[in-house]
Amino acid sequence: MIRIAVLAFVAVSAFAQPPYDLLLKGGHVLDSRNRVNGVMDVAVTGDKIAAVAPNIPADRAKRVINAAGLYVTPGLVDMHAHVFAGTMGPEYTGALSVRPDGFTFRSGVTTAVDAGSAGWRNFAEFKKQIIDTAETRVLAFLNIVGNGMAGRETVEQDLGDMDSARTAEEAARYPGLIVGIKIAHYMGPDWMPVDRAVDAGRRANLPVMVDFADFRKERPFQQLVLEHLRPGDIYTHLYLGAVPMLDADGKVLPYLFEARKRGVIFDVGHGAGSFLWRQAVPAVRQGFVPDSISTDLHVHSMNAGMKDLLNVMSKFLALGMPIEDVVARATWHPAREIHREELGHLSTGAPADITVLRLVKGDFGFLDARGTRLNGSQKLVAELTIRAGRVVWDLNGLAADDWPSAPVHPKKN
Ligand SMILES: [Zn+2]
């Protein structure tokens with residue numbers, strides 16, 4: 001009798017193997033690419049999204065995660081981070097960068113785009129040490145400076161090391177991994193570095209990201225976004241103090257809307273010094289909102305007003321932006337900007353990179369780069385992060401069993 005029961009059980013489990021590995025049930029799905037904004041179940045098989053539909057039966061999955069009351073979004077894509085850590089290189093080629101896995105998953109990020117920490121001379125080292133070993137999907141803008149961001153005052157000012165042909169060649173060697181060309185921190189009066197970066201971008205068919213903190217009368221910001229950048233090129237540090245944003249009456253300057261109409265992309269790139277409430281509050285109120293929301297993650301920014309991507313996204317909630325618009329700017333928008341359109345959404349067959357967020361209500365304060373505060377009443381917190389179908393962050397054990405189910409003596413393999 002017992003034997004029959006065992007056999008029957010074996011037979012049933014062999015035939016009724018649930019098709020899904022994971023099922024997130026009852027969460028509010030925000031997927032702007034697929035125009036989903038409502039309660040849906042999300043099923044995962046292996047490392048791919050298997051289904052997004054209402055009421056997928058729980059017995060069709062090996063593990064069911066109750067996501068009721070939470071937001072389920074595509075894995076967040078941080079367009080501007082510095083993760084060339086692990087070497088003892090100077091500045092962003094070492095000490096100022098952070099290791100991706102230690103900072104991404106806990107804030108819902110599954111894809112981090114390194115913003116030009118490495119150039120063509122040290123990209124191979126970056127790839128070997130970080131990109132190939134991280135569980136986070138790490139993509140990169142390649143710096144137009146061959147040595148990358150290895151010295152703001154020195155290396156990054158070296159016109160002789162800005163070689164558009166070598167840069168484009170290196171980018172072509174890693175299609176899909178190098179997703180753009182970066183030019184940063186140049187202080188001189190000429191346009192040559194920007195134009196070389198654009199030339200490399202043209203040769204490699206990639207967008208250019210510009211990160212300047214200083215503008216000069218010889219090369220004003222207006223000219224950068226109205227003439228030098230192409231449609232699809234990106235200016236990061238949108239709410240930097242040095243960006244001419246407002247007229248004497250506090251109105252957003254019309255050239256910014258003109259540049260956007262030309263197709264120039266404006267990214268947040270918060271950083272330690274590049275996001276001011278004085279700029280962001282009036283600009284957002286008047287409709288000059290970012291195309292993408294990113295951190296400029298590095299050792300200084302994460303310990304200052306930036307903190308992490310969810311904190312930066314929460315700032316836009318505090319500015320009155322609807323949550324679906326905020327999430328779109330950290331998922332589908334950046335994926336499109338870097339031409340990786342298989343990312344940033346939850347279509348069937350897409351990589352199973354998923355973030356589960358809780359919108360916490362309370363009294364919160366958000367600091368800008370000047371250390372001034374804006375108060376808010378809600379904040380996004382990462383409950384669960386799934387990368388390629390695997391749970392890589394689980395704040396409250398949403399995907400776990402209760403402890404009595406654990407064996408006293410774990411099975412040895
Ligand atoms: Zn940066």
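## A quick tour, starting at Asn-311

Asn-311 is buried, with a relative accessible area of 5%. Bear in mind as you click around that this is a predicted model. Select Asn-311 and show its secondary structure: you are in helix α9, which runs over residues 309-318. Now bring up its surroundings. Setting aside neighbours within four places in sequence, Asn-311 is in contact with Gly-305, Met-306, Phe-366 and Lys-379.

Next stop, the metal. Which residues are the protein donors of the zinc ion? Select His-80, His-82 and Asp-296: the two histidines give NE2 and the aspartate gives OD, at 2.1 to 2.5 Å from the zinc ion. Along the chain, these donors follow the spacing H-x1-H-x213-D. Colour by accessibility and you'll find His-80 and His-82 both buried.

Now hop to helix α5, residues 221-228, and pick out its buried residues: Phe-221, Leu-224, Val-225 and His-228. Look down the axis: they cover an arc of only 120 degrees, which puts them on the same side of α5. Then show what they pack against, namely the helices α4 (192-204) and α6 (254-262), plus the strands β10 (208-211), β11 (234-235) and β12 (265-266).

Last, some empty space. How many cavities of 30 Å³ or more does the structure hold? Just one, and the largest cavity has about 60 Å³ of space in it. To find it, select the lining: Pro-74, Gly-75, Val-77, Thr-110, Thr-111, Arg-137, Glu-342, Leu-343, Gly-344, His-345, Pro-351 and Asp-353. Colour that set by class and you get four nonpolar, five polar and three charged residues.

How values were computed. Residues are numbered from 1 along each chain as its sequence is written. This is a predicted model: local features need pLDDT of at least 70, side-chain atom pairs count only at pLDDT 80 or more; totals for chains, interfaces and linings use all residues. Side-chain values use heavy atoms; hydrogens and water are left out. Helices (H or I, at least four residues) and strands (E, at least two) are DSSP runs, numbered from the N terminus. Buried means under 20% relative accessible area, exposed over 50%, partly exposed in between (1.4 Å probe, protein chains only). Contact means heavy atoms within 4.5 Å. Donors are N, O and S atoms within 2.8 Å of the metal (3.2 Å for Na, K and Ca); water is not among the atoms, so sites may look incomplete. The arc is that of the directions from the helix axis to the C-beta atoms. On a 1 Å grid over the protein atoms alone, a cavity is a set of points where a 1.4 Å probe fits but cannot get out, and a pocket is an open set with protein on both sides within 12 Å along at least five of seven lines; lining residues have an atom within 4 Å of a point. Grid points are joined across faces, edges and corners, and a volume is the space filled by probe spheres set on the points. Ala, Val, Leu, Ile, Met, Phe, Trp, Tyr, Cys and Pro count as nonpolar, Asp, Glu, Lys and Arg as charged, and the others, Gly among them, as polar.
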